[in-house]
Amino acid sequence: MRLTVLHLTSAAIFICGATLALSSTLRAQNDAEKIYKTNCVLCHAADGSGSSPSGKALKAQDLRSDAVQKKSDAELSASITTGKGKMPAFGKKLKPDAIAQLVAFIRALPKK
Ligand code: HEC
């Protein structure tokens with residue numbers, strides 16, 4: 001009997017923890033998507049393909065491509081922070097943790 005209560009309690013704690021962890025992951029994803037939509041969609045398109053008119057005009061890379069995906073997180077955040085070619089720098093506009101979230105968002109794009 002006591003064992004069952006213990007089991008139930010630990011199951012309840014586990015479920016609470018899992019729900020909390022899941023909701024914070026979802027929240028982070030939503031934040032990243034919002035930041036991406038506000039700052040990046042213009043040139044990179046919603047799917048990262050760069051197929052928007054400004055993306056085509058400026059030759060924005062397909063963020064899902066191997067060329068981009070094989071770069072390290074540090075290289076990607078450096079490009080976002082200091083800009084690259086015709087891409088503006090976002091280091092003044094976005095905090096480092098927002099840029100880290102964007103890198104994670106870019107990593108998830110090919111899986112969509
Ligand atoms: C004004 C258009 C424009 C906007 C806005 C823009 N980009 Fe870009 N981006 C580009 C272009 C053009 C390139 C290709 C640069 C090159 O290789 O010369 C690029 C390249 C990149 C790359 C590849 C960098 C590399 O190291 O090869 C990443 C990652 C990237 N952009 C992410 C973002 C993110 C995240 C945002 C939003 C915060 C963003 N971009 C906003 C135009 C833009």
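**Close-ups of a ligand and its surroundings**

**View 1. The ligand in its pocket.** In this predicted model, the ligand takes up the space of the largest pocket. Helix 2 (41-44), helix 5 (73-82) and helix 6 (96-108) are the elements that each put two or more residues into the shell around the ligand. Helix 5 chips in the most, with three residues.

**View 2. Who sits around the ligand.** Count the neighbours and you get 21 residues surrounding the ligand. Cys40, Cys43, His44, Ser79 and Met87 come closest. What is the split of the shell into nonpolar, polar and charged residues? Nonpolar ones number 13, next to five polar and three charged.

**View 3. Polar side chains facing the ligand.** Zoom in on His44, Ser79 and Gln61 for this one. His44 has a polar side-chain atom 2.7 Å from a nitrogen atom of the ligand. Over at Ser79, a polar side-chain atom lies 2.6 Å from a ligand oxygen atom. Gln61 joins in too: an N or O atom in its side chain is 3.3 Å from an oxygen atom of the ligand. His44 and Ser79 also turn up among the closest residues to the ligand.

**View 4. Gln69 in helix 4.** Now for a glutamine, Gln69, which belongs to helix 4 (residues 66-69). Is Gln69 buried or exposed? Gln69 counts as buried because its relative accessibility is 17%, and the cut-off for buried is under 20%. What does the side chain of Gln69 reach? The answer is the backbone oxygen of Leu63, at 2.9 Å.

**View 5. Stepping back to the chain.** After the close-ups, here's the backdrop. The chain has six helices and zero strands, so if you read the elements from the N terminus on, you get α-α-α-α-α-α. Its C-alpha atoms fill a box of roughly 70 × 25 × 25 Å along the principal axes. The radius of gyration is 19 Å, whereas a compact globule of 112 residues would come out near 13 Å. As for burial, 28% of the 112 residues count as buried, and Gln69 from the previous view is one of the buried residues.

Key:
Residues are numbered from 1 along each chain as its sequence is written. This is a predicted model: local features need pLDDT of at least 70, side-chain atom pairs count only at pLDDT 80 or more; totals for chains, interfaces and linings use all residues. Side-chain values use heavy atoms; hydrogens and water are left out. A residue is near a molecule or strand if one of its heavy atoms lies within 4 Å of it. A polar contact is a pair of N or O atoms within 3.5 Å; within protein, one must be able to donate a hydrogen and the other to accept it, and residues adjacent in sequence count only if both atoms are side-chain atoms. On a 1 Å grid over the protein atoms alone, a cavity is a set of points where a 1.4 Å probe fits but cannot get out, and a pocket is an open set with protein on both sides within 12 Å along at least five of seven lines; lining residues have an atom within 4 Å of a point. A molecule sits in a cavity or pocket if more than half of its atoms lie within 2 Å of its grid points. Helices (H or I, at least four residues) and strands (E, at least two) are DSSP runs, numbered from the N terminus. Ala, Val, Leu, Ile, Met, Phe, Trp, Tyr, Cys and Pro count as nonpolar, Asp, Glu, Lys and Arg as charged, and the others, Gly among them, as polar. The radius of gyration is taken over C-alpha atoms; the globule rule is 2.2 Å times the number of residues to the power 0.38. Buried means under 20% relative accessible area, exposed over 50%, partly exposed in between (1.4 Å probe, protein chains only).
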